[in-house]
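Reader: I would like the labels attached to this structure justified one by one. Please set each value against its cut-off.

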Amino acid sequence: MNTSADTLLQTFPADADAERVAARDRFRLLGLPTPKQEAWKFTNLRPLEQFIAAAGKPANDAAPDIPAPLIDDSRRILIIDGRVDGDISVADPAGLSIEQGSHLMPEMGGKRAVRDLAIAMSEDGLRITVAADATVGQALELVFVGTGHRAGGHHFTLELSLAANADLTVVERHCGTQAYAATIASAIRLGDGARLRHVKVQDESQEAFHLADSAVEIGRDGTYERFILSVGARLARDEVHTSLNGQGSSVRLLGAYAGRGQQHLDHTTHIDHAVPNTTSHEVYKGVLDDRSRGVFQGGIKVMKDAQKTAGHQLNKALLLSPRAEIDSKPALEIYADDVVCSHGATAGEIDEDALFYLRARGIDAVTAKNLMVQAFLDEIFDGIADETLRDRLKDRVHAALQPGDNQDA
Amino acid sequence: MLKIENLHVNVDGKEIIRGLDLEVPKGEVHAIMGPNGAGKSTLSYTLAGRDGYEVTDGKVTFQGRDLLDRKPEERAADGLFLGFQYPVEIPGVATLTFLKTAVNAVRRQRGLEEFDAMQFMKLVRGKAKDLNISDEMLKRPVNVGFSGGEKKRNEILQMVVLDPAFCLLDETDSGLDIDAMKVVADGVNALRGPERGMLIITHYQRLLDHIVPDRVHILAEGRIIESGDKDLALELEKKGYASFGTDRAA
């Protein structure tokens, strides 16, 4: 019935295990989400369906364009068109272990279309674990490169599992050239006292589609710090579901996004405060130019027993063009009575008073505008501890805001 | 140096400046005094080139050149400086970054070599000290969380480092206590010189005790209704605006 779902499932492997089959069956039944579903009401996947229907055009055979590392001396793993490149297996004394081709922890993440599609169709995956009490000093950089060689798309599963008191920094970077559709399903589990710093850079080709779904579970006193920079793709959705399952656990979600042209950038997050004394802090800031559109959906749910919860959520968007658009939907569901929760959303334009003030000091209008836009976004980058990484990401977003930026070039 | 002839300015379709004539020769400090609604801020924004201030008639020349067809940033580079009545807060932009960007933008337009970080810091440090501006204040975002006095001192610092040919100060005394006013006035007085012109726009006479003008003009209902020497300000302070034929008392 659903042609795009069938097309996407065309190469489903014959020897698939039960988990894959179940994911495939769910996906085939429901198909790609549509705006009729509440969770997708601001993001219409019709352009993706059209792309899938038209797929099969001759693939280019240019060599993949591998970017320079974001963190010097990091351990790099390349994933080209959804397949891990080269032999990456490690099991070192530092407690880090990386396995290839594994599937996600099946009990995690719920049943959502993007997840199901990625699980059903992934040809490769990574399972990264850190042993108890191990601090992995060397950052791990996962570089996903899309080339458009494979019509239809590529799919991947990523599992990150930190045992008690383990500590890891992961950079997850998505880039590419040409047109393609990429999906990734992630499962992230932090044991008691574990700490994960996770920087995601969504810098896909401007013709690409990027759909990501992450499920995160955090144990007692665990800390998950996530930062996403989103500048790429024609249409992207980054969805994160976090469960604060242990007392004293905390999550921090920071996001910066910059859209130009007709880009559509969707950031959807859900945070469940399941037990008492948990903390969430979430700030997303975006700059939208031309006819680009941003979506922010932020759900916070505080369960009945989750007293002493602190939840803070904010989305701020700066619209540089009258045709740019932001849809912001914060949603708080609170069943406990002793909590401190806040949420806010603002959308604004460049402050004309400030613009004139800068110009009256001799700064031309374009430079003045850039200065203000950068200042608006820069604040959020303070959340990145590594100074070199912070500067590189700032440079990237500043470049993305300049007219004529083209990562494919 | 600055010559305004028969200036008419509309804001939101309403005529605010109605045939204003004024000439400030170089080396002189003039003051414009006027009640609320006289058109003081409209005059300063018009001279600085703000959007929304529509000149319907008249002419303004600055250093012999037509001012009104110049963009705000070009006017700044030409040497016109407006000290704002309400300095604007710019979150996220450090004061030092702002100053350096401005100084180098102006130097570039004036055909001078840009300052490197060292040269710039040397320039700013000395001037900031004279104005009681701490390093900590320079690191803060422009005017964000500054007190009224800090904002006005910051205006004067910008003026000093931008080295303008002409200073236009819009109600620089508003929101200042007497000590802060003294600091600001000292900063302004230090810039007085034979090559520089100044126009001080103020509601009250008290600033003119510290910055003594060569000429005083009374602005009411969009034009200059009386001009005189510094004693005119004292007379005005004593008698009030009403006695000078304006029905809008202060």
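The exchange below takes the chain contact, one chain's overall shape, and several residue pairs in turn.

Author: This is a predicted model, in which local features need pLDDT of at least 70 and side-chain atom pairs count only at pLDDT 80 or more, while totals for chains, interfaces and linings use all residues. Residues are numbered from 1 along each chain as its sequence is written, chains are lettered from A and ligands numbered from 1 in the order in which they are written, and side-chain values use heavy atoms, with hydrogens and water left out.

Reader: How many residues does each chain give to the contact between chain B and chain A?

Author: Chain B gives 30 residues and chain A gives 17 residues. Contact means heavy atoms within 4.5 Å.

Reader: What area is buried between chain B and chain A, and what share comes from carbon and sulfur atoms?

Author: About 1,800 Å² is buried, and carbon and sulfur atoms give 67% of that. Buried area is the accessible area (1.4 Å probe) that two parts lose on being put together, summed over both. B:Arg50, B:Glu73 and B:Val88 supply 28% of the area that chain B buries against chain A, more than any other three residues.

Reader: What makes A:Asp353 and B:Arg50 a salt bridge?

Author: The term requires a side-chain nitrogen of Lys or Arg within 4 Å of a carboxyl oxygen of Asp or Glu. In the pair A:Asp353 and B:Arg50 the closest N and O atoms are 2.4 Å apart, so the pair satisfies the rule. The count between chain B and chain A is 3 salt bridges.

Reader: How many residue pairs are in polar contact between chain B and chain A?

Author: There are 9 such pairs, both residues being at pLDDT 80 or more. A polar contact is a pair of N or O atoms within 3.5 Å; within protein, one must be able to donate a hydrogen and the other to accept it, and residues adjacent in sequence count only if both atoms are side-chain atoms. On the side of chain B that touches chain A, the elements giving two or more residues include α1 (40-48), α2 (72-78) and α6 (148-162) of chain B. The largest share, 6 residues, comes from α3(B). Helices (H or I, at least four residues) and strands (E, at least two) are DSSP runs, numbered from the N terminus.

Reader: Why is chain B called as compact as a globular protein of its length?

Author: Chain B has 9 helices and 12 strands. Its radius of gyration is 18 Å, close to the 18 Å that the globule rule gives for 250 residues, so chain B is as compact as a globular protein of that length. The radius is taken over C-alpha atoms, and the rule is 2.2 Å times the number of residues to the power 0.38. Residues 24 or more positions apart account for 70% of the contacts in chain B with a separation of 6 or more.

Reader: Is A:Arg361 buried or exposed?

Author: Buried means under 20% relative accessible area, exposed over 50%, and partly exposed in between (1.4 Å probe, protein chains only). A:Arg361 has a relative accessible area of 0%, so this residue is buried. Its side chain meets that of B:Glu155 in a salt bridge (2.8 Å, N to O). The pair crosses between chains, from the loop between α5 (352-359) and α6 (365-381) of chain A to helix α6 of chain B. B:Glu155 has a value of 2%, so B:Glu155 is buried as well.

Reader: Why are B:Arg70 and B:Asp78 counted as buried?

Author: B:Arg70 has 18% relative accessibility, and therefore counts as buried. B:Asp78 has 19%, so the verdict for B:Asp78 is also buried. The two form a salt bridge, with the closest N and O atoms 2.8 Å apart.

Reader: Why is A:Arg189 called partly exposed?

Author: A:Arg189 has a relative accessible area of 25%, so it is partly exposed. A:Glu217, at 22%, counts as partly exposed too. Their side chains meet in a salt bridge (3.4 Å, N to O). The pair links distant parts of the chain, 28 residues apart: A:Arg189 is in strand β9 (residues 181-190) and A:Glu217 in strand β11 (residues 209-218) of chain A.

Reader: Which residue has its side chain joined to that of A:Glu225 by a polar contact?

Author: The partner is A:Arg252, at 3.5 Å. A:Glu225 is found in strand β12 (residues 223-230) of chain A and, with a relative accessible area of 17%, is buried.
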